[in-house]
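Trainee: I have the model open. Can we go through it by question and answer?

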Amino acid sequence: MAFKFIKSLTRNSGVLRRSPAAYQPGCRYVSQGAWEKHLTVYEDSETGIATITMHKLPVNSLSLGFMTELGAAVKRLDRERECRGLILTSGIPGIFSAGLELSHLIQAEETRLIEKFRSLQELWLQLYTCRLCTIAAINGHAIDGGCMTALTADYRVMLNGDFKVGLNETRLGLPMQSWMFGTLQQVVGFREAQIFAGRGELINPVEALRRGLVDKLCEDENSLMAAVNEEMVTWLKVPTVARKNTKTAIRANLAKEFRTYRELEIRETVKLVMRKEFQKDLITLVEEIKRKKQTADVAQASVSL
């Protein structure tokens, strides 16, 4: 079958970027929804494998709107009977996702903060409970919320290089949410999760592989996507019902606990963020990031703290 090659246009930049899935035979472009301003979604009609490529410049930060877009795209694919697998990756060189937009937390109204943290929870829940086989193709920095999205996947392949990955909210003054710790624990084990959470560590890809945060490293983009596709084929050899039901059973307890405590954790987090001391520290932190952006590239400035 002939290739169907499609380029996606990032509206707010005018920069054309190729989706990795566009190189696969039988690709069908399905990103038609108006909500997908910063995403490109492809689905291979022959294999049932979809690829979501994030391209929210400059660093795929998890704004309220972007989290809603991403969650809606995952939800739509999850409901498609023909779709069996999902690859999540980025179209921005050197960046998977830098996590929450910290500047949006400064002097924000309480209702807005509640909405933002609830959207983060909803995104996690949609990814974590997704029936599809999910693989994260981490082709750059994956910080905090960006790391969270990768941790929800069934398998993680990361590009080796001068990148950082990890959950650093404790270093920013925010306690790690129980559902995020639970996800981390399921990936790396309890003791290692304790260390990651307590230190707020950001580590390089080699260290991430050694400590179990990612499952495989690749040296370039082509080998990264080849490894992801190969791994996806392996997972999809398992009968769909057996694989889906096993995944659901493994993740059921954490999802149930999350639904019990989610509102309490939102209230406690918003209360902390609105404190004068936290706001003062946050303003200082954001100003430091801005200063570093003047002498370094955006990606490095976003993860250097």
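Mentor: Note that this model is predicted. Start with Arg251, which counts as buried at 12% relative accessibility.

Trainee: In which element is the place of Arg251, and why does Arg251 count as buried?
Mentor: Buried means under 20% relative accessible area. Arg251 has 12%, so the label applies. As for the element, Arg251 sits in helix H8.

Trainee: Which backbone oxygen does the side chain of Arg251 reach, and at what distance?
Mentor: Look at the contacts of Arg251 beyond four places in sequence: Leu127, Tyr128, Thr152, Ala153 and Asp154. One of them, Thr152, offers the backbone oxygen that the side chain reaches. The distance is 2.8 Å.

Trainee: Is Arg267 buried or exposed?
Mentor: Arg267 is also found in helix H8. The cut-off for exposed is over 50%. Arg267 has 51% relative accessibility, so the class is exposed.

Trainee: How many residues apart in sequence are Arg267 and Glu110, and how far apart in space?
Mentor: Take the sequence first: the two are 157 residues apart. Then take C-alpha to C-alpha in space: Arg267 and Glu110 are 9.6 Å apart.

Trainee: What share of contacts in the protein between residues at least 6 apart in sequence joins residues at least 24 apart?
Mentor: The protein has 10 helices and 13 strands. Count contacts between residues at least 6 apart, then keep those at least 24 apart. The share is 68%.

Trainee: How many cavities of 30 Å³ or more does a search of the whole structure find, and what is the volume of the largest?
Mentor: The search finds two. The second largest has a volume of about 60 Å³. For the largest cavity, the volume is about 190 Å³.

Trainee: Which residues lie nearest the centre of the largest cavity?
Mentor: The lining has 17 residues. Helices H2 (110-128), H4 (178-188) and H8 (240-273) each give two or more residues to it. By class, the lining holds 10 nonpolar, four polar and three charged residues. Nearest the centre are Leu100, Phe117, Leu120, Leu174 and Gln177.

Trainee: Why is Leu174 classed as buried?
Mentor: Leu174 lies in the loop between strand E11 (165-166) and H4. The buried class needs under 20% relative accessible area. Leu174 falls in that class because its value is 11%.

Trainee: How far apart in space are Leu174 and Phe278, C-alpha to C-alpha?
Mentor: Leaving out residues up to four places away in sequence, Leu174 touches Glu169, Thr269, Leu272, Val273 and Phe278. Leu174 and Phe278 are 104 residues apart in sequence. In space their C-alpha distance is 9.0 Å.

Trainee: Which element supplies the largest share of the lining of the second largest cavity?
Mentor: The lining consists of Leu86, Leu88, Leu127, Thr134, Ile135, Ala136, Thr149, Thr152 and Ala153. Two strands, E6 (85-90) and E8 (133-138), each supply at least two residues. The largest share is three residues, and it comes from E8.

Trainee: How many residues in the lining of the second largest cavity are nonpolar, polar and charged?
Mentor: Thr152 is in this lining, and Arg251 is in contact with Thr152. Sort the lining by class. The split is six nonpolar, three polar and no charged.

Trainee: Which peptide bond is cis, and what is omega near?
Mentor: Most peptide bonds are trans. Look at Pro58, in the loop between strand E5 (49-54) and helix H1 (64-79). The bond from Leu57 to Pro58 is cis, with omega near 5 degrees.

Trainee: Asn60 is not a glycine; what is the value of its phi?
Mentor: Most residues other than glycine have a negative phi. Asn60 is in the loop between E5 and H1. Asn60 counts as buried because its relative accessibility is 0%. Its phi is positive, about 50 degrees.

Trainee: Where is the place of Asp144, and what is its phi near?
Mentor: The place is the loop between strand E9 (140-143) and helix H3 (145-151). Asp144 has 9% relative accessibility, so it counts as buried. Its phi is positive, near 50 degrees.

How values were computed: Residues numbered from 1 in each chain as written. Predicted model: local features only at pLDDT ≥ 70, side-chain atom pairs only at ≥ 80, totals over all residues. Heavy atoms only, no water. 1 Å grid on protein atoms, 1.4 Å probe; cavity = no way out; pocket = protein on both sides within 12 Å on 5 of 7 lines; lining within 4 Å. Points joined across faces, edges and corners; volume = space filled by probe spheres on them. Helix = DSSP H or I, 4+ residues; strand = E, 2+ residues; numbered from the N terminus. Nonpolar A, V, L, I, M, F, W, Y, C, P; charged D, E, K, R; others polar. Contact = heavy atoms within 4.5 Å. Buried < 20%, exposed > 50% of the residue type's maximum accessible area, 1.4 Å probe, protein only. Polar contact = N/O pair within 3.5 Å; in protein donor to acceptor, adjacent residues only side chain to side chain.
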